[in-house]
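This report describes the architecture of one molecular structure, from its packing to its secondary structure elements. The sequence and coordinates are shown first, and the account follows.

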Amino acid sequence: MSILSTRKADKIDSLAEGGTSLAMDALRRTFRSPVAILGLVIVGLFVILAIISPFVAPKDPYRPYPELKAELTPSNIPGPMPGFLLGSDQNGYDFFSRLLVGAQQTLFVGVFATLIGVTIGMIIGGLAGAFGGWVDSLLMRLTDIMLSIPSLLLAISIAALMPGSQWTVIIAVAMIGVPVFARLLRGAMMAQRSSDHVLAATALGVKRRTIVFRHMLPNSIGPVIVQATLTLATAIIDAAALSFLGLGDSDWRRAEWGLMLGNAQELLSVKPSLAFFPAIAIIVVALGFTLLGESMRESLDPKNRR
Amino acid sequence: MLRFTVRRLLQAVPTLFVLSILVFAWLRLLPGGPATALLGDKATPERVAAMNEVLGLDDPLYVQYFGFLGRILTGDFGNSLITGDPVMEEVSWAFPATLELSVAAMFLAVLFGIPMGYIAARFRGRFLDNATVVTTLVGVAVPVFFLGFLLKYIFTQEMSLLPPSGRQDVLIDATRVTGIATLDGLLTGEFDATWDAMLHLILPAVALASIPFAVIVRITRASVLDVQGEDFVRTANSKGLTTQIVRKRHVLRNALLPVSTTIGLQTGLLMSGAVLTEKVFAWGGLGTLLEQAIQQRDYPRLQGLILLFATVFVLVNLLVDLSYAIIDPRVRVR
Amino acid sequence: MLHSRVTRTRSLALIGLAGALAMTACASERGEDAGDANTLVFGAAGAPKNFDPIFNDDGESFRPIRQMYETLVAYKPGTAELQPGLATEWTPSDDGKTWTFKLREGVKFHDGTDFNAEAVCFNFDRWYDMSGAAAQSQMIYYGDVFEGFAKNEGDASGDPVYKSCEAEDEHTAVLNLNEAKGAFPDAFGLTSLSMSSPEALKKYNADEVTQSGESFSYPAYANEHPTGTGPFKFESYDKSANTITLTRNEDYWGDKAKLEKLVFRVIPDENARKQDMISGQIDGYDLPNPADYQALRDSGAQVMVRPTFNILYLGINQKNTPELKDVRVRKAIEYAVNKEQLAKNQLPEGASARYQFVPEETDGYTDDVEKHEYNVDKAEQLLKEAGAEDLKLKFYVPTEVSRPYMPNPVDIAGAVSDNLDAAGIDVEMVQRPWNGGFKDDIQKHGNHDIHLLGWTGDYGDAGNFVGTFFGREKAEFGFNDKEIFQALADADAKVDDQEQKQAYEEAAVKISEYVPAVPLTSSPPAIVVGGDVQGLVPSPLTDERFVSVSKGQS
């Protein structure tokens, strides 16, 4: 294994060593830090917004309004007017409502990309950790190779294979996370393997399957949650990058921040807010998840317990 | 050391081997199959059939694969569908541009990242530290391409300070030596060409530097904190050495070891970032080639570039491993 | 020891300072970027395929070619009307099968050889005799006009229109055709049919186009030695720096170019082109995004709007969805689209709604067509009558492309979808990259129900519009209506101008009643040049010649 993967891996493994029993303890410490609270507040507001936005959006985000279209030309996109807080977008739709609903679609992409990454990663890592031996070597070799391809290129290669759709983006972005989660879970389970309670269970003759599912897996979940929080942030950014490169979702009506940002790049001189607002939304949300994830990671890190 | 080198080299081989299989399979998974993809717009059923024969697509897969492997080993990646030029030739024109941009970005990231990381560590827990940590987290949260747009908006549209895109003024008739614009000017004595190239380089380099910068700050900070807690530092302190000397000779020097190796590890991030940055600034390097290839579905070029990126990445990792082993002998036995 | 070190450091610093000063001096000498009054730098959106006129069909290749080459018949700057080019006179025989060209005297190719009747015939013969499927497949415009080769090897499978060419004397060339065509004489002005130097063609193996594995390789003539008669000569194409450099032809037969040097710099990114323009790095570029007009004007640039000569249409493919075979459904689609609003919202200033395919300025345009103006109620009613209330359509839209008639295809398609939705038609938009499947899906496989596409006229002939679209059965439209095909063929074969005009008008009415596709809008494409650039005449055919262009106060 190369040092890069070693390094990425070390980072992942150090997180893995934590375990859940420590995690609860760490969690309590986490939320004493103002940084973590800030992250939690941002993420909380974002999730609430995502849930309620379809109900609070003042206008239908998926249809054009004659009032907005009245003054719309390629070099003049109407700004704020009564009833339309942020005016029009390039298609005569209500920009403010789309921005609100964008939270939901963005969360959708982020969550599903992460979930799929976690699931596939955990299956690989779990198999490796549970079986060990050659299964472990083979699967870990595979994840190392995935880690050795620059992440965006990995996503690009996958996105280029499929027609542009929301699921294409989700899957392409999810693949970035797969090797990370695989390593993480495997590391955590390896650490569990030699831990006292697993040894005790083995000595008592508990079946291997029971040990894996009752003891090893539950105790390994903490680090995965931390990493998933961090991955959510990068998933949202990576999805936006794919849109920017023209490999994004091809549903032009969909209100999703990354897509809105990608579509607005040519309109910077007409109405910069069409790009700026989605961009700021992405930055704030990504920051929220990063702050939260980093604080949890730091409190999980055994070194910081001195 | 020799044994270690050989072992690492041998370990890189299977990785590259598997990668070549993946890229080979990838091309065969593309919608319409390789012949259609390669023929692009001109694909008629007859031409596809003819092409399949030329490509030997009727042969067993393993025969095809080794043929493909043989070609790429001799550097034959086929011709771009956009320009008709050999992919390797295009790469040789574009590579210096990307190299220049990446090196400049890394230079900036190191120049500002290490001092900031060190300062953050020295003021651990205080305002300066928190501010630095939050800054780096913001740096990671801002999409690179958006940062590029923002910089362009401020420095070219609003302030008209710097050129918005490209590598050099069109009217500067610079002699091409290495293809690295800033260097060529110095080599040939065309200083105005260098000056102009540097002005063009600033914004994209800053945009691209944002993420490695954040990483370097954080690693420096963590590493300095680590070293500060080590016994030899405590010893040095208790020996009565001045804080200055302890910091300089013991803390900083030891803390920089891991930092120096992470620099090499940023290659992957730089490559991902370069694709985006080069698009924003119409830089004309490998990233631009890749982006065009995506837009126009230039599969031979796409295949060549992905393989090239991955190979460079693996090789850089190898170099980093070797340099790490030189610095820290313990690694060799791991 | 210490002393000497300090001195050395100092002298090093001095050298550095001197270097820095030299750089600043050089920088200030340059003054304004692109400030050289004798050089014009024009931003191109893409790289040219090559420089041999006959093997090209796209605007990016044509732009440099038009500066280096000339045609027998030329277009009057700023119009689609004809004026003398390399031929001063051209006369058809009564049956339209023979064209006699009186050639301009004293014209030389860039390699110093004479332009004469033999050279003209050499060019025509070269095209007609071209061998090899690869070469033939690249001669798109020749195929359109002359339909076939001496020996057809590629996809072009028609009977050749061309018969022979004779050099009656030094300055008279006679062209014999197998049949009369309405496209002449206008088609003689097509950039693809520019005159090349026979010597250079022979010397640089101009015909050797090969299909090398996965793409085409062009011979030295097309890549490095294009040799025409035009006001600019080829100097270099630096692929690594993406610049094409042309220099003034000092031996040009007419008024010499005002510029010494003409540089085309390939800047693929639209935003980058705009910003380079605003910051003065380039002196002009083609097809600015309508969204940028204001910003460009604010920066002092001239956004020159061309006369319109294009059409954007909503294509209908009758093959896949039976409902579309019903003319009432096709009419309903036209009634459902608010073309005026579309022109205003999504197309550049000067764009207008269209109800027929032939442009207003061209013979064959008529007010007698059946107009289906925006009327949602009528659309719904027609759909009901046809029993197509649950109509579901796959709407194919190109991405990664900007054409004069559709600057932002996805936004335009969005507005059209909104209109169709409002009339109760369920539209699923399918986006395909222009080069990555769109054209294949539409023109070859016919996978779509409706699609967005358009056309810019090559010359002032109605057949170039309606004939191209509806002259024969095509996968794009999936219909087979002998009556329309025949009407168009008849119109094309008319030699007399007045008769031809009338025939095309009748065909236009038939088409409007049949609705094989919905004409949407015409939009004037723009070209932008710096405030100090004079003499560029925007052409409806995008056929701008830089010979009259100058820069600076003069």
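Two residues are in contact if their C-beta atoms, placed from the backbone, lie within 7 Å. By that criterion, and leaving aside neighbours within four places in sequence, A:Val173 is in contact with A:Ala113, A:Ala155, A:Ala235, A:Asp238 and A:Ala239. The model discussed here is a predicted one.

**Nonpolar cores**

Both A:Val173 and A:Ala155 are listed among the residues with the most contacts inside the largest nonpolar core, together with A:Ile236, A:Ile282 and A:Ala286. This core comprises 263 residues. A second core, separate from it, has 64 residues, including C:Leu383, C:Ala388, C:Tyr405 and C:Val515.

**Chain A**

Chain A contains 13 helices and 0 strands. Of its 306 residues, 60% are buried. Among contacts in chain A with a separation of 6 or more, 74% are between residues 24 or more positions apart.

Helix α6 of chain A, residues 133–147, offers a check on geometry: its 15 residues should span 21 Å at 1.5 Å a residue, and the end C-alpha atoms are 21 Å apart, which agrees. Buried positions in α6(A) are A:Leu139, A:Met140, A:Thr143, A:Asp144, A:Ile145, A:Met146 and A:Leu147.

**Contact between chains A and C**

Chain A contributes 18 residues that are in contact with 25 residues of chain C. On the chain A side, these residues divide into 6 nonpolar, 9 polar and 3 charged.

**The sheet of chain C**

Chain C holds an open sheet of 6 strands with mixed pairing, in the order β16-β20-β15-β19-β17-β18. Strands β16 (352–353) and β18 (426–433) of chain C stand at the edges; each has a single partner strand, so one side of each is left without a neighbour in the sheet. Within the sheet, β15 (residues 310–316) and β20 (residues 517–522) of chain C run antiparallel and are joined by 4 bridges. C:Tyr313 has C:Pro519 in β20(C) as its bridge partner.

Two helices of chain C lie across strands of chain C, as tabulated below.

| Helix (chain C) | Residues | Strands crossed (chain C) | Approximate angle |
|---|---|---|---|
| α11 | residues 339–346 | β16 and β20 | about 40° to β20(C) |
| α13 | residues 409–422 | β15, β17 (392–399), β18 and β19 (450–456) | about 165° to β17(C) |

Helix α11 of chain C thus lies across β16, one of the strands at the edges, and helix α13 of chain C lies across β18, which also stands at an edge.

Terms used:
Residues numbered from 1 in each chain as written. Chains lettered and ligands numbered in written order. Predicted model: local features only at pLDDT ≥ 70, side-chain atom pairs only at ≥ 80, totals over all residues. Core = buried A, V, L, I, M, F, W, Y, C linked by C-beta atoms within 7 Å. Buried ≥ 20, exposed ≤ 12 C-beta atoms within 10 Å, placed from the backbone. Nonpolar A, V, L, I, M, F, W, Y, C, P; charged D, E, K, R; others polar. Helix = DSSP H or I, 4+ residues; strand = E, 2+ residues; numbered from the N terminus. Expected span 1.5 Å × (residues − 1). Pairing = 2+ DSSP bridges. Axes fitted to C-alpha atoms, helices over the stretch in contact; angles between N-to-C directions.
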